[in-house]
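Trainee: I have a structure to work through. Can we take it by question and answer?
Mentor: Yes. Put it up and ask.

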Amino acid sequence: MNPAIAKSLAGRDGLATLLRRIWRYRLLYLMLLPGLLYFLIFRYWPLWNAQIAFKDFQPMLGVWGSPWVGLQHFQDFFSSYYFGQLLANTLIISVAKIALGIPPAILLAIALHETSRRFLSRIVQTMSYLPHFLSWVIVYGILLAMLSPSEGLINHGLRALGLEPIPFLTSTATFQPVVVLSEVWKETGWSAILFLAALLSINPALYEAAAIDGASRWQQVRHISLPGLMDVLVLVVLLKIGSILDAGFHQIFVLYSLPVYSVGDIIDTWVYRQGIQNFQFSLATAVGLFKGLIGLVLIVVANRLARRFTGSSLY
Amino acid sequence: MRKRSLSPSDRLFEWSIDLFLVGVLVVTLVPMWYVLMVSFLPFGKSPSLFLAPWDWSFEAYAQLIFQPTIWRAALNSLVLTLGGVAISLTLTVMAAYPLSRRELPGRGLIVGLILFTFLFNAGLIPTFLVVKDLGLLNTYWSVLLNGAVSVYNLLVMKTFFQSLPESLEEAARIDGANDWQVLWHVVLPLSRPILLTIGLFYGVANWNNFFEPILFLSDRSLMPLPVVLRDILTGLNVAEYVEGTAAQAAPAEALKMAAVVLITLPMLLVYPWIQRYFTKGVLIGSVKE
């Protein structure tokens, strides 16, 4: 072979080997293609569109053609009256859901683990997981049955006691508690699964040894079950903090109404109304982007911490 | 679930545990039971937890069942649920299998690209613009495609494929099978439990989905059951779903709750399977060590 050609081939050797390797796996790449296209079109193209957060988007000009306005929309949002309100509502609802949601889930897991009545344990598990699979629209129907001022069960009770009925879903005083407690009602059984799994993985010999040493059942829970739950608890709390700006968009979208916007409106619902209903595409995108960036930082930090403290992580 | 011991304090402990479980059961079931009772409510009675069976009226159900709009919505729900599961499962399997093959060049990069979309979301409006620019608004493709692949499900499936013994695939390859044949004839038959679990994950999510239809569809005749239920519950467009005569045949709250029951029913029918596979699924994919 001509030495010059041989030399140039050797220079391209790395590339050629790589291409040969890729060619060898062409069927796998072909298989991967539809999924990859999905992510490019429905997840990365929106990323490109997100530039309208820094533009004055006009549908006629398109995403690329609309004029730049810099940080205008961010400044508008941060200096607006909504910013504080939305952030407060989002955080209050989120934190309350974590604080009031985890203790019942742990209690339920411990009770399911401790009871000696297998039938009771099984039926409670089956029934308490069920609401997790119901759409928020169905739960809204159930809440209407319980809480509606005219026909709701609870207001019937109040009236029977000679009290005024309370419009739970449309009163600013009760809307947030309704959101938080309905989430607890819907998700407690489901969240208990992780804790129950942790309890089942505790070595039974620990309980037997404690019983022989005269520990009461309560002492066994206190000194064996609860410590056995710590790792999962830390993991669950951290991951929930990682998504703290997700206060439950679908739930609130179904439950809220004009009279309770001041306490029920969260970042996501506001973005929806501004963007889709009021056609403020750029402003809504800016707020969504702000939420996405904070969320990214939070979840990466939470995941780091989870890995450090428990050795487990989400990804 | 352990052996009983007999000291008085332990007995008290067991009693309180069982009492708590019964309490959970009551709190879970009473609202659902009450919905059922209200749906049977006849005119002239006030709703109660213990509506006597001889007072039960099935008029609200009769009124709803003969509404063509409800049946059209049920058909829409079926199309969106089954079509969605077919598309989602196909895309997820076809992406998860190559990514489960450690030797694939560029695998880490591609997994990273996919994982990033799980951590960072560009938001509602930029996604809406994509669907709009593709011309998919007001077609089922918008709902079917936008949420087609869940990163979480994809990673769970990839992990499952990685856990399969490599020797079987190796043997098939030596016999001359290509990657597609290996996937179809060796990997998928071994993956029935995970396919069922993730298929159910997608199915339940699609069946319950109401937001994307509201967001992307404007034609009312395309709406699935949850959207119709929401309209009935909020009293919007009710005339479209129940004729004037229905309001005279059954109390409004009975009609609303009968709609809740009817739309929950299909979920209750498949719930035994869902429960079996889901509880396994949540533990398969819960944490990565």
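Trainee: What does the secondary structure of chain B come to, in helices and strands?
Mentor: This is a predicted model, so read each value as computed from it. Chain B has no strands. Its secondary structure comes to 15 helices and zero strands.

Trainee: What percentage of the residues of chain B count as buried?
Mentor: Buried means under 20% relative accessible area. Chain B has 289 residues. Of these, the buried share is 53%.

Trainee: Among contacts in chain B between residues at least 6 apart in sequence, what percentage join residues at least 24 apart?
Mentor: Contacts between residues less than 6 apart are left out of this count. Among the contacts in chain B that remain, the share joining residues at least 24 apart is 72%.

Trainee: Where does UniProt place the feature "transmembrane region" in chain B?
Mentor: The entry is unreviewed. One of its spans, residues 12-36, is 100% helix, with end C-alpha atoms 35 Å apart. Another, residues 254-274, is also 100% helix, and its end C-alpha atoms lie 29 Å apart. The full UniProt list for chain B is residues 12-36, 78-97, 109-131, 143-161, 182-205 and 254-274.

Trainee: How far apart are the end C-alpha atoms of helix α1 of chain B, and what span should its residues give?
Mentor: Helix α1(B) covers residues 8-39, which is 32 residues. At 1.5 Å a residue, the expected span is 46 Å. The end C-alpha atoms agree with that, at 46 Å.

Trainee: At which residue does α1(B) bend?
Mentor: The bend is about 30°. A proline, Pro31(B), follows within four residues. The bend itself is at Leu29(B).

Trainee: Are α9(B) and α10(B) roughly parallel or roughly perpendicular to each other?
Mentor: Helix α9 of chain B is residues 179-190, and helix α10 is residues 192-208. They pack at about 70°, with their axes 5 Å apart. The contact joins Leu188(B), Pro189(B) and Leu190(B) of α9(B) to Arg192(B), Pro193(B) and Leu195(B) of α10(B). Angles of 65 to 115 degrees count as roughly perpendicular, so α9(B) and α10(B) are roughly perpendicular.

Trainee: And α7(B) with α10(B): roughly parallel or roughly antiparallel?
Mentor: Helix α7 of chain B, residues 151-163, packs against α10(B) at about 180°, with the axes 11 Å apart. The contact includes Asn153(B) and Phe160(B) from α7(B), and Leu195(B) and Tyr202(B) from α10(B). Angles over 145 degrees count as roughly antiparallel, so α7(B) and α10(B) are roughly antiparallel.

Trainee: Is Asn138(B) buried, partly exposed or exposed?
Mentor: Asn138(B) lies in the loop between α5 and α6 of chain B. Its phi is near 65°, a positive value in a residue other than glycine. Most residues other than glycine have a negative phi. At 29% relative accessibility, Asn138(B) counts as partly exposed.

Trainee: Now chain A. Is Phe279(A) buried or exposed?
Mentor: Phe279(A) is found in the loop between α15 and α16 of chain A. Its phi is positive too, near 60°. Exposed means over 50% relative accessible area. With 59%, Phe279(A) is exposed.

Trainee: Which residues does Lys291(A) touch, not counting residues up to four places away in sequence?
Mentor: Lys291(A) is in helix α16 of chain A, residues 281-310. At 14% relative accessibility, Lys291(A) counts as buried. Its contacts are Leu245(A), Asp246(A), Ile267(A) and Asp268(A).

Trainee: Which residues does Pro46(A) touch, with the same sequence neighbours left out?
Mentor: Pro46(A) sits in helix α3 of chain A, residues 26-49. With a relative accessible area of 1%, Pro46(A) is buried. Its contacts are Ile41(A), Ala122(B), Pro126(B), Thr127(B) and Val130(B).

Trainee: How many residues of α2(A) are buried?
Mentor: Helix α2 of chain A is residues 13-24, and its end C-alpha atoms are 16 Å apart, which agrees with the expected span. α2(A) is hardly covered. Among its twelve residues, the buried count is zero.

Trainee: How far apart are the end C-alpha atoms of residues 87-302 of chain A?
Mentor: UniProt, in an unreviewed entry, annotates this span as "domain: ABC transmembrane type-1". The span is 76% helix and 0% strand. Its end C-alpha atoms are separated by 20 Å.

Technical notes. Residues are numbered from 1 along each chain as its sequence is written. Chains are lettered from A and ligands numbered from 1 in the order in which they are written. This is a predicted model: local features need pLDDT of at least 70, side-chain atom pairs count only at pLDDT 80 or more; totals for chains, interfaces and linings use all residues. Side-chain values use heavy atoms; hydrogens and water are left out. Helices (H or I, at least four residues) and strands (E, at least two) are DSSP runs, numbered from the N terminus. The expected span of a helix is 1.5 Å times one less than its number of residues. Buried means under 20% relative accessible area, exposed over 50%, partly exposed in between (1.4 Å probe, protein chains only). The bend at a residue is the angle between axes fitted to the seven residues ending there and the seven starting there. Axes are lines fitted to C-alpha atoms, for helices over the stretch in contact, and angles run from 0 to 180 degrees between N-to-C directions. Angles under 35 degrees count as roughly parallel, over 145 as roughly antiparallel, 65 to 115 as roughly perpendicular and the rest as oblique. Contact means heavy atoms within 4.5 Å. UniProt positions are given in the numbering used here, feature names are shortened, and annotations may be inferred rather than shown by experiment.
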